[in-house]
Amino acid sequence: MRGAWCIAVVSVTLWAAFAAADRCQYSCSKQERSNYECGWWGWKRCSRYRSVPSTCYRDCTHGQWSAFSLWEATSTCSHTCGGGEITQQRTRQCNNPAPSNGGRPCEGETSETRTSTCNTHPCPIAGGWSAWTEWTPIDECPALCGGGKADLTRSRTCTNPSPQYGGADCVGQATQTTIMGDCNVDSCADVCAPGNPTVVHHETKEHLYYECDEAGDVAYLEECPDFSTFSPIAETCTPLPCNIMDGLYQTFPGDCRKYFMCLAGTRTIDLVCPSGKVFNGDTRICDDPATTQICGM
């Protein structure tokens, strides 16, 4: 195989050299002789010469192209990102071999041009703010309708669009607050309409309710007394129930130091153990947490 490869290379080289070598004609001049009579009485024959145009032949070499060079940019990319176009060019020379002694020049162009894509990476996208949300009370608005005063807040997000591919983040505040702004300014015409109850229960908090003023213009937020919740049926605050079978003093949910008094099935008063003590639901007294298993202590 190695020998065959060498023979092929030599053959191609010899063929290229043979193809480039030739006999080329060119214009030249030759001496032409003519005879005439000369001497006394023409007794002698003489010759004379003159130059005449002619065609001559000589060894010559026809030009052949070299290999093309690598592609090189001849312009800058039309865009810095997101995809653009750039012009590239490659060249070759008629020197493999060069024409000599009247040999033919290479046929074709000395250069080629093409357009390629460039800078196809995504362009940076700067972040943009969304619209502001509605103003909402930071704490509970003191009115259901008719207008109240409360500290308000609103917010926006950097998602219109979100920053991408190294784009800048949004500039500015994501939240705003205002002190004692108006809240729940809608009319109370439906809530406090004649014939409707003048009190309305709170949707999420059992100890709160709204009460319409005498004119029916505003429904103000009200709070039930301690140990009571608002009853939509009774339209008033009712005492919190408790099971008298659990004793006079009962465990306070969520706080080991507290307990409450249950009288006639009604929760009447909350109490707190002295510092360092917790309420023992078994003995119904404030006890030392170090000697009892109470609230996981």
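**Exercise 1. Determine how strand 10 and strand 11 are connected and paired.**

Solution. Strand 10 and strand 11 form a hairpin, with six residues between them. The model under study is a predicted one.

Step 1. Establish the direction of the pairing. Strand 10 and strand 11, the latter covering residues 208–212, pair in the antiparallel sense over three bridges.

Step 2. Identify residues that face each other. Val 200 stands opposite Tyr 210 of strand 11. The bridge partner of His 201 in strand 11 is Tyr 209.

Step 3. Assess the surroundings of strand 11. Four of its five residues are buried, so strand 11 is largely enclosed by the rest of the structure.

**Exercise 2. Follow the chain from strand 11 into strand 12, and place both strands in their sheet.**

Solution.

Step 1. Describe the pairing. Strand 11 and strand 12 (residues 219–223) run antiparallel and are joined by five bridges. One of the facing pairs is Cys 212 with Ala 219 of strand 12.

Step 2. Examine the connection. The hairpin of strand 11 and strand 12 has six residues between the strands, and Gly 216 takes a positive phi near 75° in this hairpin.

Step 3. Assemble the sheet. Four strands form an open sheet in the order 7-12-11-10, with antiparallel pairing. Its edge strands are strand 7 (143–145) and strand 10 (199–201), each of which pairs on one side only.

Step 4. State the twist. On average, neighbouring strands of this sheet are turned by 30° against each other, direction ignored.

**Exercise 3. Analyse the hairpin of strand 13 and strand 14.**

Solution.

Step 1. Describe the pairing. Strand 13 (residues 228–231) and strand 14 (residues 236–239) run antiparallel, and four bridges join them.

Step 2. Locate a facing pair. Ser 231 stands opposite Thr 236 in strand 14.

Step 3. Inspect the connection. Four residues lie between the strands of this hairpin, in which Glu 235 takes a positive phi near 55°.

**Exercise 4. Characterise the two disulfides that link strand 1 to strand 2.**

Solution. The structure holds 13 disulfides. Two of them are treated here, one after the other.

Step 1. Take the pair Cys 24 and Cys 60. A disulfide joins these residues, with an S to S distance of 1.6 Å. The pair links distant parts of the chain: Cys 24 belongs to strand 1 (residues 21–38) and Cys 60 to strand 2 (residues 44–61), 36 residues apart. The link of Cys 24 and Cys 60 is right-handed, with 65° about the S-S bond.

Step 2. Classify the burial of this pair, for which the limit is under 20% relative accessible area. Cys 24 has 8% relative accessibility and therefore counts as buried. Cys 60 is likewise buried, with a relative accessible area of 3%.

Step 3. Take the pair Cys 28 and Cys 56. A disulfide joins Cys 28 to Cys 56, again with S to S 1.6 Å. Cys 28 lies in strand 1 and Cys 56 in strand 2, so this pair ties together parts that are 28 residues apart in sequence. With 80° about the S-S bond, the link of Cys 28 and Cys 56 is right-handed.

Step 4. Classify the burial of the second pair. Cys 28 counts as buried at 17% relative accessibility, and Cys 56 is buried with a relative accessible area of 15%.

**Exercise 5. Characterise the disulfide of Cys 94 and Cys 106.**

Solution.

Step 1. Give the geometry. Cys 94 and Cys 106 form a disulfide, with their sulfur atoms 2.0 Å apart. The torsion about the S-S bond is about 85°, so the disulfide of Cys 94 and Cys 106 is right-handed.

Step 2. Place the residues. Both Cys 94 and Cys 106 lie in the loop between strand 4 (84–91) and strand 5 (111–118), so the pair ties together parts that are 12 residues apart in sequence.

Step 3. Classify the exposure. Cys 94 counts as partly exposed at 22% relative accessibility, whereas Cys 106 counts as buried at 15%.

**Exercise 6. Judge the overall form of the protein against a compact globule.**

Solution.

Step 1. List the secondary structure. The protein has one helix and 19 strands.

Step 2. Compare the radius of gyration. The protein has 55 Å, but a compact globule of 297 residues would have a value near 19 Å.

Step 3. Add the dimensions. Along the principal axes, the C-alpha atoms fill a box of roughly 180 × 60 × 30 Å.

Step 4. Consider burial and surface. Of the 297 residues, 23% count as buried. The protein exposes about 20,800 Å², of which carbon and sulfur atoms supply 53%.

Step 5. Consider contact range. Among contacts between residues at least 6 apart in sequence, 53% join residues at least 24 apart.

How values were computed: Residues numbered from 1 in each chain as written. Predicted model: local features only at pLDDT ≥ 70, side-chain atom pairs only at ≥ 80, totals over all residues. Heavy atoms only, no water. Disulfide = S-S within 2.5 Å. Helix = DSSP H or I, 4+ residues; strand = E, 2+ residues; numbered from the N terminus. Buried < 20%, exposed > 50% of the residue type's maximum accessible area, 1.4 Å probe, protein only. Pairing = 2+ DSSP bridges. Axes fitted to C-alpha atoms, helices over the stretch in contact; angles between N-to-C directions. Rg over C-alpha atoms; globule rule 2.2 N^0.38 Å. Contact = heavy atoms within 4.5 Å. Areas by Shrake-Rupley, 256 points an atom, 1.4 Å probe, with all protein chains shown as cover.
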